[in-house]
Amino acid sequence: MDWIRLFVIVVVLALGVVIIRPTYEWYFVVPKEDKELLSLPMEEVSKLSPELKKKYNEIKKLRNSTVLNMGLDLRGGIYITLEPDPVDMTNFLLDRFEGDMEKVVSEYEKELESQVSISLEILRNRLDQFGVADPVIRRESGYRISVELPGISSIAQAREAISKAGKLEFKFVDDEYMNSIDRKYLNNEGLISDLTLFLKDNVVPSDDEIYGYYETDEFGVPVLKGFIILKKEVVLDGSYISDARVGQDQFGRPVVDFSLTLEGADIFAEITRNNVGRRLAIVLDGRVRSAPVIQTEILGGRGQITGVFTLEEVNSLVSVLKSGALSVKLKEIEIRAIGPSLGADSISLGTRAALIGILLVFAFAIFYYKTFGFITTISLILNLFLTLAGLALFRATLTLPGIAGLALTIGMAIDANVLQFERIKEEIRNGKDLVTAMKVGFDKAFVTIIDTHVTVIISSFILSTYGYGPIKGFGTTLLVGIIVSLFTSIFVVRFLADFVVQKLRLRFLPALV
């Protein structure tokens, strides 16, 4: 008995179970009301009880794991229409042309065209890095952009991924003013605790702004800790960042390591050199995440964004910084949750028809090839299971074209088995005993199976890499399924056949003679 083959098969199956388990839990175990926690905006989540926050965190981790997503055509999703905000666009151009309104008017449409193209690219990069599977992003008429997010039911989650500005700014804390504030307005962290009461009795300097200071609690939810006064002037922003990655501080906590462009490095060195001892606040999307004291001049254009972050937050922040910030905000024109293009009855009937078809294939294989038919049936079941696990592993989305790819995979897999068994029959007819015929038959079929599968792998790889929408889904499913088919047809079937003949001593198989 080939123990190495058995070991490999067991390991692959065990990995498949581990990978597919989150999908099973998400669709068959987690109650609907628990899933709806993910639809809450972060402000609402921060107000939940510790028990619900813990549950929210667990559900979110499960959803972000290897859960197989269903496409818009199978289970609906979120559809969003966006366009560059005209007010923000005008302000952006006024800043660029230093208030020259005539220049703004003359360049408006040209710049709008450019911003739409930039936004399309940033949204694609951002959604890929946020883990949104198979998003469909395309330009519509005029300057509008449509985004389809299959498998996402939470409008809040979709808004967070789409409209998050990803705007990083560095601003100085107005330490002189903060130190002058009466202690009764401050909490233990030295932040303004009650903003309404504070503003009732105090006036903030005209060159200052008030920001919320956020820290992440033990459940991974950003919580407002208080308010802080910053200078309005932006001394450095995210446009100077050339690279960002996940790192660790001296206590092993997750941080963001970033590198600046040459120009940014010079600016950063000058800022830190001239302001040792001052607090430099790191502001992300209008929220202060940390305000460390500058200890010394920082040369080389490298730095760290520290604070109370979870690893998930740091990964998200790195994604935002890498994909870049939107120069102009995108205005939401329409957002709606839509149902699948096929009704539940159609999907149910289609699933039933597919199951009947597969069972008929199994019955025919068993009727025609007897024992080897059972082996084929087992290998096809493993093929389906491992293909779904592979799709889940790569965060692919199962769509109707993807199901077509799955059906084609099953056809290719059973073709490979038929080819192997027919070669064995030929060898038996030539006078060889069953054991020898199996060895020669499997060896002869091997090259043909590899040839046919490799050509399909190449074509499906091209479809999955350069295709878009349904074509990409079809190509991805076919690619994963064909690779799994190679494993089950060559590795699993041969192991099971050897086991039946050599260990169970079945030396005469009627269907093969």
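How many helices and strands does the secondary structure of the protein chain come to? The chain comes to 17 helices and 15 strands, where helices (H or I, at least four residues) and strands (E, at least two) are DSSP runs numbered from the N terminus.

Before you start clicking, note that this is a predicted model: local features need pLDDT of at least 70, side-chain atom pairs count only at pLDDT 80 or more, and totals for chains, interfaces and linings use all residues. Residues are numbered from 1 along each chain as its sequence is written, and side-chain values use heavy atoms, with hydrogens and water left out.

**Stop 1: the whole chain**

Show all 513 residues: buried ones make up 44% of them. Here buried means under 20% relative accessible area, exposed over 50%, and partly exposed in between (1.4 Å probe, protein chains only). Of the contacts between residues at least 6 apart in sequence, 71% join residues at least 24 apart; contact means heavy atoms within 4.5 Å.

**Stop 2: helix H16**

Now select residues 434-466. This is H16, with 33 residues, and it reaches 46 Å from its first C-alpha to its last, close to the 48 Å expected at 1.5 Å a residue. That expected span is 1.5 Å times one less than the number of residues.

Centre the view on Phe 446 to find a kink of about 30°. The bend at a residue is the angle between axes fitted to the seven residues ending there and the seven starting there.

Move to the start of H16, where a side-chain oxygen of Asp 433 reaches to within 3.1 Å of the backbone nitrogen of Val 435. Then colour the buried residues of the helix, including Leu 434, Met 438, Phe 442, Ala 445, Ile 449, His 453 and Val 456. An α-helix has 3.6 residues a turn, so residues three or four places apart point the same way.

**Stop 3: the largest nonpolar core**

Next, pick Phe 372, Ile 375, Ile 424 and Met 438, the residues with the most contacts inside the largest nonpolar core, which has 32 residues. The elements giving two or more residues to this core are H1 (3-29), H14 (371-393), H15 (400-429), H16 and H17 (470-503). H17 gives the most, with ten residues. A nonpolar core is a set of buried Ala, Val, Leu, Ile, Met, Phe, Trp, Tyr and Cys residues joined through side-chain atoms within 4.5 Å.

Stay in helix H17 and click Thr 488. Is Thr 488 buried or exposed? Thr 488 counts as buried because its relative accessibility is 1%. Leaving aside residues up to four places away in sequence, Thr 488 touches Ser 379, Leu 382, Asn 383, Leu 386 and Val 493.

**Stop 4: strand S10 and its partners**

Select residues 254-260 for strand S10. Seven of the seven residues of S10 are buried, so the strand is largely enclosed by the rest of the structure. Pro 254, Val 256, Phe 258 and Leu 260 point one way, while Val 255, Asp 257 and Ser 259 point the other.

Add strand S9 (residues 241-248), which runs antiparallel to S10 and is joined to it by seven bridges. Ala 244 has Phe 258 of S10 as its bridge partner. Five residues lie between the strands of this hairpin, and Gly 252 takes a positive phi near 80°.

Then add S13 (residues 302-305), which has a covered face, Gly 303 and Ile 305, and an uncovered one, Arg 302 and Gln 304. Four bridges join S10 to S13, and the two run antiparallel. Arg 302 in S13 is the bridge partner of Ser 259.

**Stop 5: the six-stranded sheet**

Look for the open sheet with the order S7-S6-S12-S11-S5-S8 and mixed pairing. S7 (222-231) and S8 (236-237) stand at the edges with a single partner strand each, so one side of each is left without a neighbour in the sheet. Two strands pair if DSSP finds at least two bridges between them.

Within the sheet, S5 (residues 168-172) and S11 (residues 280-284) run antiparallel, joined by five bridges. Highlight Leu 168 and its bridge partner in S11, Leu 284.

**Stop 6: two loops**

Finish with Lys 184, in the loop between H9 (175-180) and H10 (195-201). Lys 184 is exposed, with a relative accessible area of 58%. Lys 184 and Asp 194 are ten residues apart in sequence, and their C-alpha atoms are 9.8 Å apart.

Gly 142 lies in the loop between S3 (136-139) and S4 (145-150). Gly 142 counts as partly exposed, at 49% relative accessibility.

Definitions and conventions: Polar contact = N/O pair within 3.5 Å; in protein donor to acceptor, adjacent residues only side chain to side chain.
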